[in-house]
Amino acid sequence: MIKRVHEHIISELQQNARTDTIFVLTAILLNLLTLAINSSIAEGSRKDTSLFITMFIFVALTIVVNLVVISGLMKGKLTRFKLLSGLMKMYKDQGVEGYYDPSLLVGYNTRYNLFIFAVIFIGLIAIVVPFVIR
């Protein structure tokens, strides 16, 4: 039974990593795409109000997607912590806890914080730069 639980936890950790990767890549690609589109729109929006409204629509899209991604990453961070804590408890119960360094949890936490920071920073750039160009 322990083997099945272990396999299940490992499977959940792998799924968690795939989901987080999709979140981060989606946010970065959307932010860069929005930056490019809004930067090109910004020059023509001085004369055309509809282009300025289009910029705001892309800004709203950027904000919503970034909030969803950040929320997803925070949930992923919590899920990974819970799964790894359970795995460490299982290892301790089986007397093999010495093979998994608990400091790895701190590393995962730092990595999630960096992902969240990158998404926020690129999102802010995607929003601010076109208005500076305008």
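Start with the face where helices H1 and H3 meet. In this predicted model, select Asn16, Asp20, Val24, Ala27, Ile28, Asn31, Leu32, Leu35, Asn38, Ser39, Ala42 and Glu43 in H1. Then add their partners in H3: Tyr112, Phe115, Val119, Ile122, Gly123, Ile125, Ala126, Val129, Pro130 and Ile133. These two sets meet each other.

Now show the two helices whole. H1 covers residues 2–44. H3 covers residues 104–133. Their axes lie 7 Å apart, and the packing angle is about 10°. Angles under 35 degrees count as roughly parallel, so H1 and H3 are roughly parallel to each other.

**Asparagine 38**

Stay in H1 and pick asparagine 38. Is asparagine 38 buried or exposed? Its relative accessibility is 1%, so asparagine 38 counts as buried; the cut-off for buried is under 20%. Next, show what asparagine 38 touches: Thr54, Met55, Phe58, Val59 and Pro130. That list leaves out residues up to four places away in sequence. Pro130 is also one of the H3 residues in the H1–H3 meeting face.

**Isoleucine 2**

Slide along H1 to isoleucine 2. With 43% relative accessibility, isoleucine 2 counts as partly exposed. Which residues does isoleucine 2 contact, leaving aside neighbours within four places in sequence? Select Met90 and Gln94. Methionine 90 is 88 residues away from isoleucine 2 in sequence. In space, their C-alpha atoms are 8.2 Å apart.

**The salt bridge**

Move to helix H2, residues 49–94. Select lysine 89 and aspartate 93. They form a salt bridge, and a search of the whole structure finds one such bridge. The closest N and O atoms are 3.4 Å apart. Lysine 89 and aspartate 93 sit four residues apart, about one turn of the helix. Turn on the surface. Lysine 89 is exposed, at 53% relative accessible area. Aspartate 93 counts as exposed too, at 54%. The cut-off for exposed is over 50%.

**Isoleucine 116**

Go to H3 and choose isoleucine 116. Its relative accessible area is 13%, so isoleucine 116 is buried. Show its contacts: Ile70, Leu73 and Met74. Residues up to four places away in sequence are not counted there. Then draw a distance to valine 69. The C-alpha atoms of isoleucine 116 and valine 69 are separated by 8.4 Å. Along the chain, the pair is 47 residues apart.

**Phenylalanine 117**

Step to phenylalanine 117, also in H3. Is phenylalanine 117 buried or exposed? It is exposed, with a relative accessible area of 54%. Draw a distance to leucine 32. The two C-alpha atoms are 15 Å apart in space. In sequence, phenylalanine 117 and leucine 32 are 85 residues apart.

**The nonpolar patch**

Keep phenylalanine 117 selected and add Phe121, Ile125, Val129 and Ile133. What do these residues form on the surface? The answer is a nonpolar patch, with about 410 Å² of accessible area together.

Finish on valine 129, in H3. Valine 129 is partly exposed, at 31% relative accessible area. Patch members need over 30%. Valine 129 belongs to the patch and is also among the H3 residues that meet H1. Ile125 and Ile133 likewise appear in the patch and in the H1–H3 meeting face.

Technical notes
Residues numbered from 1 in each chain as written. Predicted model: local features only at pLDDT ≥ 70, side-chain atom pairs only at ≥ 80, totals over all residues. Heavy atoms only, no water. Patch = residues over 30% accessible without salt bridge, like charges linked within 9 Å, V, L, I, M, F, W, Y side chains within 5 Å. Areas by Shrake-Rupley, 256 points an atom, 1.4 Å probe, with all protein chains shown as cover. Salt bridge = Lys/Arg side-chain N within 4 Å of Asp/Glu carboxyl O. Buried < 20%, exposed > 50% of the residue type's maximum accessible area, 1.4 Å probe, protein only. Axes fitted to C-alpha atoms, helices over the stretch in contact; angles between N-to-C directions. Parallel < 35°, antiparallel > 145°, perpendicular 65-115°, else oblique. Contact = heavy atoms within 4.5 Å.
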